[in-house]
Amino acid sequence: MKRIVFLMMGIIFGFLLSRAGATTYDYYARLFLFQDFQLMFIIGTAAAVGMVGVRCIRKYRPSSLLERSPIVLEPKPFTKGLIPGSLMFGIGWGLAGACPGTALVMLGEGKLGALFTIIGLVMGTYIYGILLSRKARASRAEPSEQMTPEIEAKKAG
Amino acid sequence: MTEVIVWNGWIGGLGIGLYVLFQLVVTGKMLGVSSGYCSLCGCFSRATFFIEQKQKEGPLNWRLWFIFGLPLGGLLAAWSSPGDWVAGFSLGKLYDSVFPDALWAKSMVLVVGGLLMGLGARMAGGCTSGHAISGMAMLNPPSIVAAAGFFAGGVFIVQLLFRMVG
């Protein structure tokens, strides 16, 4: 039952991303060429609406319908990889003309190029997981000062 | 290429913003997509990172179900648009004007783009949805830095691409 709820959520979000223009390649190119700010409006408006909601949630601490426990908001921590990672993400974002969510939506729209983007996304995530697992194993054998984002995140929160 | 209906930016943003709150109130989960790719990798990889991720997310594995819904949402958006559903490898007028015509070469660029996003999202701890939308909604400073980094990276590569090729 819960799984169906999440599947439905994905469908609604995918539909909205498409209507927002986030699955139209040209909007990405035109945003980064400073010709059209549709996508920035989308992110800005969505974040602003979210801000109001987040304030209400922090104030009234409601429970979620599915979990029946108060909603917990966990802001992401600052990590060493944040700046290099975000720049790297941005380069990929500009190259592929899609982000991790919209690539999947594009596939449903028949934009088959997204298939390659998704393959790349899985590869990138997989490489990170393998490298991090190896690093974690090495640091367990010999504790070093190098901290991985995940360990840092765990410590912070 | 399938032509989909695109709403005015304000309305589209309002829709997505309300959706984020709807998801939060119904499920208690903050919007985020890129971690779903970890759940996907966890289906076939036994690396410690993915196993730990699985344990953290619990048996429901909601991220996987959520990302399965996304292509269906795209299908729905395409069907409800006036034009026909067309499958093809076109990347639209602008990208097609700078990318190579040969499919293998074009696909390589897209794989590299995806790879950088996959790796970068994990290093940064989130993607456009988790950092730029959810993070900025919480006015979380690291997320604001990440969103600026995303934008800077995109501007850099696209300007370079269109100046060199276009």
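Helix α6(A) and helix α2(B) are roughly perpendicular to each other, because their packing angle is about 80° and angles of 65 to 115 degrees count as roughly perpendicular. The model is predicted. Chains A and B also share a nonpolar surface patch, to which Phe34(A) and Trp7(B) are among the contributors.

**Helix packing between chains A and B**

- Residues 113–141 of chain A form α6, and residues 35–42 of chain B form α2; the axes of these two helices lie 9 Å apart.
- On the chain A side, the contact is made by Ile118(A), Leu121(A), Val122(A), Thr125(A) and Tyr126(A) of α6(A).
- Their counterparts in α2(B) are Tyr37(B), Cys38(B), Leu40(B) and Cys41(B).
- Classified by residue type, the contact of α6(A) with α2(B) comprises eight nonpolar residues, one polar residue and no charged residues.

**Nonpolar surface patch**

- The patch covers about 760 Å² and consists of Phe34(A), Phe37(A), Met40(A), Phe41(A), Ile5(B), Trp7(B), Trp10(B) and Ile11(B).
- At least two residues of the patch come from α3 (38–60) of chain A, and at least two from α1 (9–27) of chain B.
- Phe37(A) is located in the loop that joins α2 (25–32) to α3 in chain A.

**Architecture of chain B**

- Chain B contains eight helices and zero strands.
- The C-alpha trace of chain B extends over about 45 × 35 × 35 Å along its principal axes.

How values were computed: Residues numbered from 1 in each chain as written. Chains lettered and ligands numbered in written order. Predicted model: local features only at pLDDT ≥ 70, side-chain atom pairs only at ≥ 80, totals over all residues. Heavy atoms only, no water. Axes fitted to C-alpha atoms, helices over the stretch in contact; angles between N-to-C directions. Helix = DSSP H or I, 4+ residues; strand = E, 2+ residues; numbered from the N terminus. Parallel < 35°, antiparallel > 145°, perpendicular 65-115°, else oblique. Contact = heavy atoms within 4.5 Å. Nonpolar A, V, L, I, M, F, W, Y, C, P; charged D, E, K, R; others polar. Patch = residues over 30% accessible without salt bridge, like charges linked within 9 Å, V, L, I, M, F, W, Y side chains within 5 Å. Areas by Shrake-Rupley, 256 points an atom, 1.4 Å probe, with all protein chains shown as cover. Salt bridge = Lys/Arg side-chain N within 4 Å of Asp/Glu carboxyl O.
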